[in-house]
Structures are given as structure tokens and as C-alpha cells.
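Q: Here is a structure to go through with a student. How are terms such as buried, contact and core tied to the values behind them?
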Amino acid sequence: MTFLLPTQQSSGTSEPDNYDAEYVHMCLPNGEAVRFKRVWSGYRFTDREIELLIAGYDIRIKTAYTDGITGSLEWQEHNGHEYFGFAPWDAAGHDRKDAPFPIQWNGHNFTEEEQQLLRRGEKLLLVCQSNRSLTPYAVNVSFGFIPENGPYPARWGIIPHFEEFDQPAEDFTRETCVFLPIFSGKTLPLRDIEQLRKGKSVPFSGLSRNGRPFRCRLTLELDETTSRWRLTPNF
């Protein structure tokens, strides 16, 4: 027999973060009565998700921080104590196409289009801001498996390729180079960046320093004088 009974009460058990919380009560196939928290990492399971979890299925959820967390109900251990609750898959159980994906990285909120690009194994050009000078800079990032490192468990995450800063611009092509996709104070959208990397020009409308509107077409060129890839306007 299996049943739902959400309650608000003190846990009275050895579960982690022992505080007043909403619980779902159920019976295991062997008849043992157990309960689990309805809210996990800030995410509250829907009634349908509760039904699936109790039936023994995996579910896939999106929290405020991560998209695509897959897991099921399992017995787990915390500080030497066992408890019953939602358990995400181990990172090694995923591949790039279905791994949990961060909603945000370094202040950038990923669009669905950007997430799909990264899940294909491609690099994404992002504009970041220096903590010291507050000036913008660009960096290529990818999405991949990050092995366990000391106290940090293995996980899937965003990998910035800062090592490319030490390579000469001549080592890159339009398709792979790092450049600042900002012109006249505007950051170019992903679709324009993709066109520029193909060697095409994109239309641009902006304001001059005198406040006068202008139009031009931008291309991505290697400036051999400064040894860097940059946006070049063509009026």
C-alpha cells in the first residue's frame, strides 16, 4: 500500500538539515513506512512528480540553478545517518546531451539556444567583466565533465578556456578565435556571432559619439598590427 500525506512538522529523524519541512509519507514494497521531503534544493515536486517518484520512476526537474537534474527516491547517508529522499544521478551516469546544465555562469544567464550549442560540444563566446577594472572581456567556454578534485565531487559544468589568452591570435581562425563581440556599446547576439565566424558580414545600427545614428556592416578580421581578432565596420 502506498499513500500521500504532505505534512508540516519537525522531522525528528537524522535527516540532513533537520528543520520544519513539508514531507510526503509513503510505504515501501516491503510495508515499511517512510517519508521524504517534498522540497529538494528549493524545488517543490508537483503532484504528478510525487506519483512517479513513489511508483519508483526517475524524474527530470529544473531548479532555480540547474536544468535537467534526473533522479529518484533512494536510501542515502549523511554524516553517518541514513535517510530516504530524492537522489540525483551520479555525474558519471550522464553524457553531454542529458547532463544537468547550469542556469547561470559568471553572471550570464544561458538561453535555450546557447544551451543547445554547448550540449553539441561546441564552444560559446561569452562576455564577462573583470572584477578589478570592471572592463568587459571575452572568453570561449564549453560544457563538459569535470573530474573530482579534492573536496569537490565530479560534475558537469561550464569550462572557461582561459588558456587561449596565452596563444597568439594567428593560431586561431574566425571559427575558433576569441574576440570582443561588442561594438558601439552593443553586445552582438549569438546569431550575428555565428554569421561573423562564417566569414559573413552582419548589419549594425548604432549611435556615434555625437549621438547621430549610423548604419554599417560588421565583419570579423584579424588585425595584424595589434595581433587580435576584432570587429571591423564597413560603411
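Q: What share of the contacts in the chain between residues at least 6 apart in sequence join residues at least 24 apart?
A: The share is 35%. Contact here means heavy atoms within 4.5 Å. This is a predicted model, in which local features need pLDDT of at least 70, side-chain atom pairs count only at pLDDT 80 or more, and totals for chains, interfaces and linings use all residues. Residues are numbered from 1 along each chain as its sequence is written, and side-chain values use heavy atoms, with hydrogens and water left out.

Q: Why is Glu 164 called buried?
A: Buried means under 20% relative accessible area, exposed means over 50%, and partly exposed lies in between (1.4 Å probe, protein chains only). Glu 164 has a relative accessible area of 5%, so it is buried. Across the chain, buried residues make up 39% of the 235 residues.

Q: Where is Glu 164, and what does it touch?
A: Glu 164 sits in the loop between β14 and β15 (182-183). Not counting residues up to four places away in sequence, Glu 164 touches Lys 123, Asn 140, Phe 172 and Val 178. From Glu 164 to Cys 177 is 13 residues in sequence and 8.7 Å in space, C-alpha to C-alpha.

Q: How many helices and strands does the chain have?
A: There are three helices and 19 strands. Helices (H or I, at least four residues) and strands (E, at least two) are DSSP runs, numbered from the N terminus.

Q: What makes β17 and β19 edge strands?
A: Each of them pairs on one side only: β17 covers 202-207 and β19 covers 228-234. The open sheet has the order β17-β18-β19, with antiparallel pairing. Its twist averages 45° from one strand to the next.

Q: How do you know that β17 pairs with β18?
A: Two strands pair if DSSP finds at least two bridges between them. Six bridges join β17 to β18 (residues 213-223), so the two strands pair. One bridge partner in β18 is Cys 216, which goes with Phe 204.

Q: Which strands form the open sheet that includes β13?
A: Its order is β12-β13-β14, and the pairing is antiparallel. The edge strands are β12 (124-129) and β14 (155-160). The twist averages 40° from one strand to the next. Six bridges join β12 to β13 (residues 136-146), and Gln 129 stands opposite Pro 136 in β13.

Q: At what angle does helix α2 run to β13?
A: Helix α2 (residues 112-119) lies across β12, β13 and β14 and runs at about 55° to β13. Axes are lines fitted to C-alpha atoms, for helices over the stretch in contact, and angles run from 0 to 180 degrees between N-to-C directions.

Q: What makes a set of residues a nonpolar core?
A: The members are buried Ala, Val, Leu, Ile, Met, Phe, Trp, Tyr and Cys residues joined through side-chain atoms within 4.5 Å. The largest such core has 18 residues, and those with the most contacts inside it include Phe 179, Phe 204 and Trp 229. Its largest share, four residues, comes from β18.

Q: What is the radius of gyration of the chain, set against a compact globule?
A: The chain has 24 Å, whereas a compact globule of 235 residues would have a value near 18 Å. The radius is taken over C-alpha atoms, and the globule rule is 2.2 Å times the number of residues to the power 0.38. The C-alpha trace spans about 75 × 40 × 35 Å along its principal axes.
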